[in-house]
Amino acid sequence: MDSSTRRQATRQKLYEAAVTLIAEQGFSATTVDEIAERAGVAKGTVYYNFASKTVLFEELLRHGVGLLTASLRTAEQETAARGGSRVDALDAMIRAGLVFIDRYPAFTQLYVAELWRTNRAWQDTLLVVRREAVAVVEEVLREAVETGELSPEVDIPLTAPALVGMVLVAALDWQSFQRGRSIDDVHAALSLLLQGRVSGVGPARP
C-alpha cells in the first residue's frame, strides 16, 4: 500500500470515527482525543491530516455528500443506459438515496441536523455540497420538462430540494421508527409519491 492509499485509508477511519461521535454527542462535546481513540490512531495523526476539528468536519461533509451525489448521478446514468425515462431516473435516484442512507445513517442524521443551523463555521461548505447534490436532481427534472415528461409548470428550483428532502426525512423516519420495513417497501411508497404527485399521474377516477 503506497503512502497516498494509506493516507486515504486513515482519513476514512477518521471520518467514520468523527461522524459517529458527533452524531452521538454533538460537535462541541466531541474532542480530537476521542476521535483519535475511536479511529485507533494517535492524536497527532488527526492533526497531520486535518488542521483542526472544524476542518475535519468540513471535509467530512464534503466526503459524505460527495458520496451521495455520486450515487445519485450513477443511478441517473444507469437508467439512461437502459433507455429509461427521466421520471424512471428520478425513481432510481430515490432508491439510490435510500441505499446511501441505509449504509450511512449516522452521517445522514448529522447532515440533516446541520442543514438547520446557520451559525456554524462550515455553513458555506454545507451550502456548496448541498447545492451539488440538488443540482443532479435539478438536471434530470429540467430534462424531463424539456422532453415533455413533466409539466412546464414544475418549479424546478423548489421541486429538486423537495425530492431530496422527502427521501432524507422519510428514510430517517424509517431508520428510527419503522425498521421492520424493507428498503423495497420504503422505495415503493416514495415511488408512488413521485409517480402520482410529480408526474401528475393520479389514481384512476371512477
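Read along the sequence, the protein follows the pattern α-α-α-α-α-α-α-α-α. The model on display is a predicted one, and a cartoon view of it contains 9 helices and 0 strands. With the C-alpha trace shown, the protein spans about 65 × 35 × 35 Å along its principal axes. Of its 206 residues, 41% count as buried. Among contacts between residues at least 6 apart in sequence, 65% join residues at least 24 apart.

**Stop 1: residues 31–50**

Select residues 31–50. UniProt, in an unreviewed entry, places the feature "DNA-binding region" here. In the model, this span is 75% helix and 0% strand. A distance drawn between the C-alpha atoms at the two ends of the span reads 14 Å.

**Stop 2: helix α6 and what covers it**

Next, select α6, residues 105–115. Which residues of this helix are buried? F107, T108, L110, Y111, V112 and E114 are buried in α6. To view their surroundings, display α1, α4, α5, α7 and α8, which are among the elements that cover the buried residues of α6. Helix α5 comprises residues 86–103. Keep α6 on the screen, as the next two stops return to it.

**Stop 3: the largest pocket**

Select Y111, V112, L115, W116, R130, V134, P161, V164, G165, L168 and V169, the residues that line the largest pocket. About 250 Å³ of space lies in this pocket. The elements that give two or more residues to its lining are α6, α7 (123–146) and α8 (156–177). Colouring the lining by helix brings out α8, which provides the largest share, 5 residues. Colouring by class instead gives 9 nonpolar, 1 polar and 1 charged residues. Two of the lining residues, Y111 and V112, were met at the previous stop as buried residues of α6.

**Stop 4: the second largest pocket**

Now move to the second largest pocket, which holds about 180 Å³ of space. Which residues lie closest to its centre? Of the 13 residues that line this pocket, the closest to the centre are Q12, E16, V19, Y104 and F107. F107 is also one of the buried residues of α6. The elements that give two or more residues to the lining are α1 (3–25), α4 and α6. Helix α1 gives the most, with 5 residues. By class, the lining divides into 8 nonpolar, 4 polar and 1 charged residues. Colour domain 1 (1–49) and domain 2 (53–197) separately, and the lining of this pocket is seen to draw at least three residues from each.

**Stop 5: the enclosed cavity**

Rolling a probe the size of a water molecule over the atoms shows where empty space is left. A search of the whole structure finds 1 cavity of 30 Å³ or more. The volume of the largest cavity is about 140 Å³. To see its walls, select L68, L72, L90, M93, I94, G97, I101, V137, L163, V164, V167 and L168. The elements that give two or more residues to this lining are α4, α5 and α8. Helix α5 gives the most, with 5 residues. What classes of residue make up the lining? The lining has 11 nonpolar residues, 1 polar residue and no charged residue. V164 and L168 line this cavity and also appear in the lining of the largest pocket.

**Stop 6: T69 on helix α4**

Select T69, which is found in helix α4, residues 53–81. Is T69 buried or exposed? T69 is buried, because its relative accessible area is 11%, under the 20% cut-off for that class. Leaving aside its neighbours within four places in sequence, T69 is in contact with E132, A133 and V136. Show these three side chains together with T69 to view the contacts.

**Stop 7: L192 on helix α9**

Finish with L192, found in helix α9, residues 183–198. L192 is exposed, because its relative accessible area is 65%, over the 50% cut-off for that class. Add D91 to the selection and draw a line from C-alpha to C-alpha: L192 and D91 are 9.4 Å apart in space. In sequence, L192 and D91 are 101 residues apart.

Key:
Residues are numbered from 1 along each chain as its sequence is written. This is a predicted model: local features need pLDDT of at least 70, side-chain atom pairs count only at pLDDT 80 or more; totals for chains, interfaces and linings use all residues. Side-chain values use heavy atoms; hydrogens and water are left out. Helices (H or I, at least four residues) and strands (E, at least two) are DSSP runs, numbered from the N terminus. Buried means under 20% relative accessible area, exposed over 50%, partly exposed in between (1.4 Å probe, protein chains only). Contact means heavy atoms within 4.5 Å. UniProt positions are given in the numbering used here, feature names are shortened, and annotations may be inferred rather than shown by experiment. On a 1 Å grid over the protein atoms alone, a cavity is a set of points where a 1.4 Å probe fits but cannot get out, and a pocket is an open set with protein on both sides within 12 Å along at least five of seven lines; lining residues have an atom within 4 Å of a point. Grid points are joined across faces, edges and corners, and a volume is the space filled by probe spheres set on the points. Ala, Val, Leu, Ile, Met, Phe, Trp, Tyr, Cys and Pro count as nonpolar, Asp, Glu, Lys and Arg as charged, and the others, Gly among them, as polar. Domain bounds come from an automatic or database domain assignment.
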